[in-house]
Each structure stands twice: as structure tokens, then as C-alpha cells.
Amino acid sequence: MKFCRQILTCGLTLLLIFGSSASACAYDMGKVGLYPKIAAGSGDDSYAIRTDGALWRLERDGNGECMPVKVLGDVKAVSAGYGYAMAIKEDGSLWAWGHNEMGQLGFAGGNADYNGDPIQTVPKKVTENVAAVSAGDGHTLAIKTDGSLWAWGWNDYGQLGFAGGNADYNGGPIQTVPKKVTDGVVAVCAGLGQSAAIKTDGSLWVWGLNTNGELGFEGGDAWHDSHGNLQIAPKMLMEKGVTAVSCEANSFMAIKEDGSLWAWGHNEMGRLGFEGGDGGGEHPAGSLQTSPRKIMDEVAAISTAHGTLAIKTDGSLWGWGWNRWGWLGFEGGDQENGTTDAYQSVPRKVMDGVAAVSSGSSPLAIKEDGSLWAWAYPSRKGDAVIERERRQVTPKQEAVDVMMPGRAAKAADPVSPAGFVYDDYVGGFKDGLAAVHRNGKWGYIDKTGNRAISVEEGYSVFPFSEGLAAVHKDERIGYIDKTGKLTIPLEYDYYYLPDFSEGLAIARNYDKYGYIDKTGKSVIPFEYDTFGDAGRPLPFSEGLAAVRKGDKWGYIDKAGNTAIPFEYDYAGGFSEGLAFVRKGDERSFIDKNGNTAISPISPEYSVADFSEGMAGVSKRGEDEQGDKWGFIDKNGDLAIPFEYESAEPFSEGLALVCKGGKYGFIDKTGNAAIPFEYESAESFSDGLAVVYKDGKYRYLDKTGNQAIPAEYDIAESFSEGFAMVKQDSSYGFVGKYAFIDKAGKVLGSETNDTNSLPASPLTAKPTASPVRVNGKAVAFDAYNINGNNYFKLRDLAYTLNGTKKQFEVGYDGVAKAITLTSGASYTAVGGEMSGKGAGDRAASPIASKIVFDGNEARPAAYTIEGNNYFKLRDLADLLAFRVEWDEANKTIVLETCPATR
């Protein structure tokens, strides 16, 4: 594979750690959190870390809907680069996966090949004791817990901070294993051919390619034959006061202690946040800024990729730069770049209440309530070649919550109603069962709300299909039946489309795909290829499946025989007897004999599958400012004109479309059946459609009337008579999921106790590791439960008393609640620091509510022999103190960063 240099980004912004000195407190990101919880890469992969530490890849189905796929557990930070990603686990180990042709993963080779280049399809451990990592375009930078900076990957511009490497890539040097660059680093960013780091004294250092002044000065310490000036060794650009840095293709941005934002480098398409520059440039909007220039004030966080996104101290999100496909979170911009792409040359407000952001091909933002929002992702199913142009332009909330550190519920939040008992994202009903998550375990419930299947701890689950459900553990896939029995062992590579369809399921064995039957037998050999999102084999539909062999697509039957020859550059699945194919410049629908049924399909059109006799089709609008959608019939005639900004397939006689920025529904004559007044919506299912307006989700019938009186913070479409909803969406602590029927009644609300999947009996083992608090050894009463450390609450309050992170512990007898008050002096009650007994103890979930600073919170907590023990890292999140693992000394380290210690 030739490395793509057309889209040049830094996948994530500030990556920050704390050193041992008190001065490191200056780099606290406040509400943005200590570690990046989201990452939007340069490709289509985006990642989010859930409240339980699980890392999920946010893949999209053909309609642009989010399909979270679990990647790793116990993750505290993630960074996504161009075609690869890095994650730091709670124990400080660094894991990598994706493309590795330039050694960007930190080791040679991989477990599969991609057009002759190595890729790592499952996460692989790279090194230990890592505090922060930044994945760039082809090189990676990581800070270890001792503050040392290490680099590896592509180095043809000196972006690693030294000359050469231990191997070559197409004649250019690469470093396939981590190599030390410098010491005393607290933050780092890897871009395309450039790098930046902040040292403990607040100074900013830069190195790499400097042809456009992207390093903030002219020249460099070396010369590249074709690319001009290079800075091989780190050079100081700003002497002090820098708290954050972000770098992308040819530009940098930095935040200073006073909240001011500074930018420099190439200013093409207003990427720096202003017009022009001090160094000229060939592009009409491409003046160069060869020294840092102030952009705006009161900035809390910055992420720069295709466009730039910044969070101000009031929580408002602002965007500027290139806005192709809606990368900035809105349509168009204030300038044009001479083609069809708009750009925004000055910062423009996107939305409010944002706590974290990551720019990339599919940007992500976490709001202050813990909800996850995304935009610029594919929103329509169609021709895979131009699918990227069918985008969700404005931010849309995902059914995935990401807990922000130190967040408690709002005082005004209501108590969750009966029946809202599920802690995590839950799936809809399929085959009469729904997957739910409760007390840290997955299982399935039936339509009475009773537990039907408990799943062994450590497994993740998928919905049932045709009597079987895929389960996932340790990157392997197997299947269970409705009794919970593992009928197909965990023997196939993890794959995100494991459902059975027409008796067969797609399975993957390393880099090849085949099909298995319900006994687990391979009935169609593992001989089919994949090529990115456009190349995965498709499930069987109407007796045939589209598969790719080499560089051509064709269709096979259930015996594995070729039904339609491998002669297409792209082939879609069959729907209502027709499938869309592309051969060279010819684009058409074919029937199941391979004969052309509808042709030609214009190259300027994007098409979707047929549904209820109609297929959505779009073309570029006459003003060249956006696509317009209509529908064709099976004769290929335009049945509904091109007048909608987006269109979903017909479902139950109506189609969801967008017009004038608002969503509504049309019938098959093109008449509006439900007015265009909703901010987002889903297609009709089970006679109802979920719509979003004025901050709430509600359900409509086909007349447009509200069918269920209640409104929700999150709601999904109905399936088999039930829909998943969430009320009280509050910071990941109080909000719970439930199922409702079409009358709005909560499933199991009359027998609430049967909803809960029982937790297994828990054993607390004494924590053997020593503990240091602000450099001093402390003997805590602490236990390990399921791999996590739980400290006696009053021991911790006693120890932290007098520091900036002190807190008081009390009990509200009326509310039956344990109260925690941050900043207040602790009142000893006796028995603190009395030590723990030898041997294991029984642990039971804490019975009392927990109130933090007047608001209900849900840190993990257990009672052991009458005393309350709280999960250490949950308390660290609430109280904002630091917890680290000192691998060299096998010691738990707590750091409050006080002014006087």
C-alpha cells in the first residue's frame, strides 16, 4: 500500500499527564478530564471509552447508525491516527492495532497483510508504564510515567526527534521500536511530518517538517531535497506558560495559561482562524503564518484535524477551517476555496455544554451531561465509492454515554422511575430476547422482564438472530442458544457482523472470510477478501451473498458456488430482487440471474437499496452546495423529485426525509404525511416512529400524533413490541435504561426485582500493594474486588485531610444517604487507619445512597464487615486527585498536588 498523504491530520489533541512536582498542577484540564475519553481518527474509525473502562469502536451500518464494537477493557486513554489506534490501559500498558507499514505501532510486522503491507487486526501490547500517547499520520509519540518521551514510526522528516531509524520504508527511514527522545515532558502531539511537546516548565518544543512555517519559525537545522526545511532535533518555540498543543497537516495551535489560543503554519481554507498571514503563500486562501498569532481567549481545549474545534471556558464549542462533509458541525461556511468546498475563516459557534472534543473524519464531542455526540459520518446507505459524501452534518447524540471525571448528578435530576434498572447500553428485542447489562454483567431478558440467560463474566454479547446469539471474549467469537449453552465455541476472529441470516453467518479467520452454519461448521471456505469498509462480505439475502475475491466482486449461493460472476468493482446486497453493482463507469441494478434490470445509473447519482418498491437516489444540487434526494421506482423512473437533503428507505408506507434542515415523513406520492418540524428522527417500526425536538425524544403514530405521553432523554425504535428508552440522562451516574411497550408502560415495573440480573457473590482480597500519598507511605485498609482496589472511605478521608483534596464524610438518616463534601475538613470518628485483618472477606453492594456535594453520585462501593469501601479510581474521579501505578516499585501512587506538600 502506498501511504496516503492527501488527508493529513493529527487524530487527537492534548495528551496530558502529571509529573511528581507541584508545578504540574498548572496543566489540569478541568472539565475536559485527565485522559482523552474519545478519539476521532483520520479514517472513519472513532473510539469512545465507556464508564466501565471499556473501549468501543463506533462503527457505522449502511444507514450511518452507530454500532459500538468493544475493543479492549480497563482503558483510560485512547488516540486514533491515520488507519491505526493506540490505547493505554489502567495498568499503564500501551496497546496498538491497525496499519503498521511504517512501524507506527511500535513493533515490526503484524498478524495480517494489507496489499502487501502489515496490519495488526487485534490489539497488541507495545510497552509498559505509559502515561500519554499521540497517534499521528504515520508516527507515534508516547510519554512514560517518568516523563520521558519515546517515538517510533515514519521519520523521513525528522518527526521522531532524531535522524534515521532502524529500518527503511520505500527508501525513507522508519523506527519500528520505541526510541527515547528527551525527558521532562507532560504533553505531546504527533501530526503529519511534525511533532510538538510541552515540558514540565510549560515550554513548547517542536520538530519535523517546516516548509510552511508550521513549526512557528522559518528554516531548520537540516534540508530535505524535495520538502525544504527540516528541524531534526526538538527546538523551543515558546519559553513558558503553554498548557495544551494540537497539530495537524501543516499547522499548530497552542493554549496558554491565560486561556489564549495561538496558531501558526499554513492558513489554507482559514484553518488558523483568520484570513492571510505574515508569510504569503501560493493558495488564494493559503497565506503562511510563520510565527504564533493569537486567535481567541478563554479557550479550555483544542482539537485540530480536517477542521479545528475548540471548547471555550463556558463550555461552548467553536469550529473553523475546512468544512467538507460538515467536519465543523454545521453546513457551509463563510468562504469558498475555489471548488465546491466551503470553509470557515473565523471561529463559529457549534453548540453549548461541551466537556471534550476530538476532531477527525467523524468528529466526536462529550457534553457536560456525559452524552456522546457525533457528526460528519455517513448517514445514508448507497454506492460505497461516494458513501463518504452522505454525511450527518450537524451533531447528533449517540446512544453511548461517556462518563467525564469528577461529574456528579444535577440536584434537580429526578430519581429514576421503577423499571429503569439497566446500567449500560442495551439492545432491542430480537427473537423474543433482549441483551441487557446489570451489575457489571451481560445477560438476556424475556418480554416479561424476567431474566432468561445469564452470561459468564468477561463476555460481551450480541442480539439473537435465528435462535443463536454471538458472544465475544478475548477477541474471539462464538455462539450461544436460548438456554445459554455455548453451541459454537469461541474459535473465530472477532467480527462486527456476526448475525445469522438465512441459516448462515459470516465468520473471519485471520484476514479471510467465509460462512458457517448453525453447528459451527465451515460450509463456505475462508477465501474471500476485505478492503476497508467497502470490501466486507455481505450476509445472505434472498439466497445470494455479495463477496469479494481479489479485486472483483461477485455473488455466491449457499453452497459456495458462483451464482453471478466476479466481474464487478462493487456489488451490494439483494433487496426485493435487485442489487446495485458497478463495473468500470457502468452503474446499474441487476436481477438474481445477473441480468441488467435498471441501467444506466448516472455517475453523479448515489443510490440506496430498494424498499417497498422504491429506492432512494441523490444527485448534486444545481447550486453545487449540497446533494438532493428523491426516489426511483423499479422501472428506473424518478417517482419522487430531488428535493430533500437526506432520505431514508420507505418503511411501513412512509419515508423519513429532511427538508430545510428539519425532518418529516412523506408517502409514496411524495406528499408530506408528517410535517417537517423535527431535529432528528428514525423510520417507522412497529407502527411508531421516534422523533427528537426541544431536547426530548417522543413517539409518533402515522398521523403525526404523539402516541406515548412520556418523553425521554434517549429513545430507540420499537422492535417486537418494545423500545429501549432512558430518562434522567445525568452524567453516567443516575440515568438508567429500560424497555417500554407501545402504551409507554415500563417493562417489569410491577415486578421490578425480577429485572435485575443477580450479581455473583463477591470476595474481597486484601490489597497487597503498598501505597504512597504525596510521596509518603501509608498503610490503608484496602481490598481488591474483581481486579479493582477499594479503600476504606474514612481511611482515605483521614489521610487526605489538610490537602487540597480533603473531604468530609457524613450520613443523612432521613435520606438514608452517605454524604461526601469536597473541600471540607474531615471529622474523625475513631477507628481510622486501624489496619485490616488477614484473609479474604465477603463484600456486598452498599445499601445507602451516595450524595457528593449535594448531588447523587454512583461510585462503585461495597460493605465489608460493616465498613464502607469505595473504588479508588471512582473517588479519584469525583475528588479530582491523581492515581497512578508505579511499576518499578509495584506501588499505588496517590497525588493530590497540594501547594504546601
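**Figure 1. Contacts around Asp481 in the predicted model.** Beyond its neighbours within four places in sequence, Asp481 is in contact with Ile453, Phe464, Gly467, Leu468 and Thr487. Asp481 sits in the loop between β38 (476-480) and β39 (486-493). Asp481 is buried, yet it has no salt bridge. Lys485 is the nearest side chain of opposite charge, 5.9 Å away. A salt bridge would need a side-chain nitrogen within 4 Å of a carboxyl oxygen.

**Figure 2. The largest nonpolar core.** This core has 33 residues. Leu317, Met351, Tyr699 and Ile740 have the most contacts inside it. Several strands give two or more residues each to this core. Among them are β25 (307-312), β26 (317-322), β28 (342-351) and β29 (354-358). Strands β60 (689-693), β61 (696-700), β63 (723-727) and β64 (736-740) also do so. The largest share, 3 residues, comes from β28.

**Figure 3. Another nonpolar core.** This core lies apart from the largest one. It has 30 residues. Val778, Phe791, Ile818 and Phe881 are among them.

**Figure 4. A cis peptide bond before Pro600.** The bond runs from Ser599 to Pro600. Its omega is near -5°. Pro600 is in the loop between β50 (596-598) and β51 (605-611).

**Figure 5. Positive phi at Glu612.** Glu612 is not a glycine, but its phi is near 55°. Its place is the loop between β51 and β52 (614-620). Glu612 has a relative accessible area of 28%, so it is partly exposed.

**Figure 6. Positive phi at Asp694.** Asp694 is another residue to view here: it is not a glycine, and its phi is about 55°. The loop between β60 and β61 holds Asp694. Asp694 counts as exposed because its relative accessibility is 61%; the cut-off for exposed is over 50%.

**Figure 7. The whole protein, for orientation.** The protein has 2 helices and 78 strands. Of its 901 residues, 57% are buried. About 33,100 Å² of the protein is exposed, and carbon and sulfur atoms supply 47% of that area. Among contacts with a separation of 6 or more, 48% join residues 24 or more positions apart.

Terms used
Residues numbered from 1 in each chain as written. Predicted model: local features only at pLDDT ≥ 70, side-chain atom pairs only at ≥ 80, totals over all residues. Heavy atoms only, no water. Helix = DSSP H or I, 4+ residues; strand = E, 2+ residues; numbered from the N terminus. Buried < 20%, exposed > 50% of the residue type's maximum accessible area, 1.4 Å probe, protein only. Lys, Arg positive; Asp, Glu negative; His and termini not counted. Contact = heavy atoms within 4.5 Å. Areas by Shrake-Rupley, 256 points an atom, 1.4 Å probe, with all protein chains shown as cover. Core = buried A, V, L, I, M, F, W, Y, C linked by side-chain atoms within 4.5 Å.
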